[in-house]
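Thanks for making the time, everyone. I would like to walk through one chain with you, beginning with its charged side chains and then turning to a helix and a hairpin.

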Amino acid sequence: MTHMKKFFFKSILLVVLVFIVQSLCPGEVVIPNEITRLDSLMQYGADIIYFGDSTTESFTAEDANKASIGALLQMLIPQAQIAKITHPSYQMDVYAAYGRYILRKGYHPKFVIIPINLRSFSPVWDINPSYQFDKEKIVLDVKDTFVMRYLKPLAVFKIFEPNCSQFSYQYTRVFEGKKYLGLVKDLFTPPSSVSPEDVTLRYLQLCYSYSLNYQHRKVRSLLQLVRTLKTAGIKPIFYIAPLDYITVEKYLGSKFRERHIENVQLLHSLLAQEGVPLLDLSNSLDPEFFIWSTVSTEKGHPSEHLFLKGRMFVAMSLAKKTSMNTFFNLGL
Amino acid sequence: MIFNSLSFLIFFPIVTIGYFLLPYHWRWLWLLLSSCMFYMALIPVYILILFLLIVIDYTMAILIENASGRKRKFYLVLSLLATCIVLFFFKYYAFVNVNLEKVAQLLHWNYALPVLNLILPIGLSFHTFQSLSYVIEVYRGKYKAERHFGIYALYVMFFPQLVAGPIERPKNLLPQFFEQHNFDYDRVTGGLKLILWGLFQKVVIADRLSLVVNRIYDNLPNYQGPALVIATIFFAFQIYCDFAGYSDIAIGSAQVLGFRLMQNFRRPYLAVSISDFWQRWHISLSTWFRDYVYIPLGGNRVSKVQWFFNILITFVLSGLWHGANWTFLAWGGLHGAYYVVSQWAQVLRDKITKVWGWKEHSGIENFISVVITFILVCFAWVFFRSQNIENASYVFSHLFLGWNKLSLVSLGGIVGVPQVEFIYDICLIVLLMGLHIFQEKMCSSDISKGELAVLQSLWAKLPGYVRWIFYVVGIWMVMNWGVVADIPFIYFQF
């Protein structure tokens, strides 16, 4: 027993010493570029923060002008400074973390523009371990606080690793209503014997078979983001990114349209309850506006990635929505 | 659950405190439940496979013990088949399937075995081998079949060595579950020191070196001679620190709880020959193959040709154990070939030593032997690290190109890291080898005491405050010099 006591007291002493040394000589965690970019742009007094994912970017060599939607919007309203914070697979819970950060740092942009990519509610994004951005979320929550001094040890011991595993992701069951469609792995990476048409069908089933509800993780993040921005006195502008609904409907049939209407309606009513309008661009564009993605894992899949004319359409819609024409007297 | 994670840092103290607070007769259950939790933190459903293997081998061992004559052999074969089928299904099915399909295409045969995208249960090769060793020992009459199902399950599932060994033998580990382990200050702190050293090797050295190795081996066409050589040498130290680090954490964790696991590494890069290397590298596996494959095949008590064949087959199987890929077969085969050639050329080497006038085991002979052995081992690592045989061929065919552009001041640039980081990597390797040379000298000076005892007595001679500085700085280094990236233990995939 005396040995145990001796061990116990020495352990406490060791922990205290390590804690002191760590406080005096903390290791550094590399801050994600997007966060340092936001900080520096806000120091220069950006008027608009425009978050975005791959749907805001150019994805094809066919585009003569590769400007992103953010860059096009900047051209449309040159008087406003736009801070473009984008990452190919950013999504609602990362935006929510950014919202908390903006509130904590006391940044006051006039608008925050947030795209809602409808694919981001599907398992491909929602529970994919590669798309969790735990590092960004944690850093946003603790940056410039005393916790940063202890973040490196926590990071070395995997605090940035996502809770969901590749196994649980790959073996998640996908449903269309009550109809079981298959596992993520079967739909996302079907065997080579499956025909190209069927590969596309499976991928689209995976992306668009979900039915949204208020308990969905990303829907809750959306709500949290709205409330955070409202608390900070910042006007959020949400828009649903256009999707190639004609092609998707061709594969998934009329049930897709029914589900799509229900899902969008849910987002509308959720935001309406908070007094925030939603710009629905999801059904606005015909197939010729879309690139069939050349991203390696999604080769041959229709997606929300847009040609220049599609991106310009979104930029112009946003310019109108933000009432920038009157605000900045641009005469658009 | 992995050792270098927050969850383990929380899990292990809770398990340890619970273990010492519980009455002795409940401790096995506590350890078993903890081991289940440890395993289920990875892929929960796979515990069913483990449970199935445990039930089969537990039952078969009792049947073997109770049976006589042919029946004993029948139950042994049944048990071995069941275990090997599970191993084959998860680990080798895809490999065999792909290769059979290629052969069928060549011969224009119809071939339609389904493709199964199975994820290999973590540590399957380790715990199946541990189970096999138990059944074989019972069959040989060297160990009595364990009647206590919970204790047997714990033997297979004991969490410190469940996922990546050391692969224990029943006679070493099983009796320890019946011993009453009290809290022993020296033993517990000794175990914790080993855990700290293991973590240092993994997160500070192995993970850091892996950044260079992965960059080069994942983009081979962009690199030539010097970069390929550096990456291969770095990989040699990465895989050592990764696996030896894991083993030290496993042995240390078990030691804290009062269990003695077998040593798995003994400074392998100071080996003076390939046979010496295999007495120092992954000792629990190499002795497993020695006891259950090499010796049953006849060992060296057969004709020379048969002996060489036995060596080759043992090494090829050892390669195959590592993974279902031609690269692992080539790696094992190459080590087998080294071994055979070294035995065959023994006379020649003795002559060279004599002609050059070296004394046996003199410093210079040892040094040259160590260097040559290290180079041979590194050549073999090329196969081990490459994704496929084509990549390994690329490394070998480009090994001697691009040396004219070599500049010592820009070595970091050659491998794509800042020079300071490159120098830091080199310093870590030098530190490790310096420690190994020191340990080797200390341990060889007093063989009678045993390695750990020698090192512990040396450590104890240091003043208390110096030891405390080492502890605090060591912990700080692990926490702050570790790499922030998801770099799994290499041997997890086996």
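Let me start with a network of salt bridges that links Asp93(A), Asp126(A), Lys137(A), Arg217(A) and Lys218(A), where a salt bridge is a side-chain nitrogen of Lys or Arg within 4 Å of a carboxyl oxygen of Asp or Glu. Before going further, I should say that this is a predicted model, in which local features need pLDDT of at least 70 and side-chain atom pairs count only at pLDDT 80 or more, while totals for chains, interfaces and linings use all residues. Residues are numbered from 1 along each chain as its sequence is written, chains are lettered from A and ligands numbered from 1 in the order in which they are written, and side-chain values use heavy atoms, with hydrogens and water left out.

Within that network, Asp93(A) forms a salt bridge with Arg217(A), and their closest N and O atoms are 3.9 Å apart. Asp93(A) lies in helix H4 (residues 92-105) of chain A and Arg217(A) in helix H11 (residues 217-231) of chain A, so this pair ties together parts that are 124 residues apart in sequence; helices here are DSSP runs of H or I with at least four residues, and strands are runs of E with at least two, numbered from the N terminus. Asp93(A) is buried, at a relative accessible area of 9%, whereas Arg217(A), at 34%, counts as partly exposed; buried means under 20% relative accessible area, exposed over 50%, and partly exposed in between, with a 1.4 Å probe and protein chains only.

Over all chains, the search finds 28 salt bridges. Another of them pairs Asp39(A) with Lys143(A), with the closest N and O atoms 2.6 Å apart, and both of these residues are buried.

Turning to helix H3 (residues 69-76) of chain A, which residues are buried there? They are Ile69(A), Gly70(A), Leu72(A), Leu73(A) and Leu76(A). Because they cover an arc of only 160° around the axis, they sit on the same side of H3(A), the arc being that of the directions from the helix axis to the C-beta atoms.

Finally, in strand E4 (residues 173-176) of chain A the side chains alternate, with Val174(A) and Glu176(A) buried on one face, while Arg173(A) and Phe175(A) point to the other and are not buried. E4(A) runs antiparallel to strand E5 (residues 179-183) of chain A, joined by four bridges, where pairing requires that DSSP finds at least two bridges. Phe175(A) stands opposite Tyr180(A) in E5(A), and in the hairpin, which has two residues between the strands, Gly177(A) takes a positive phi near 65°.
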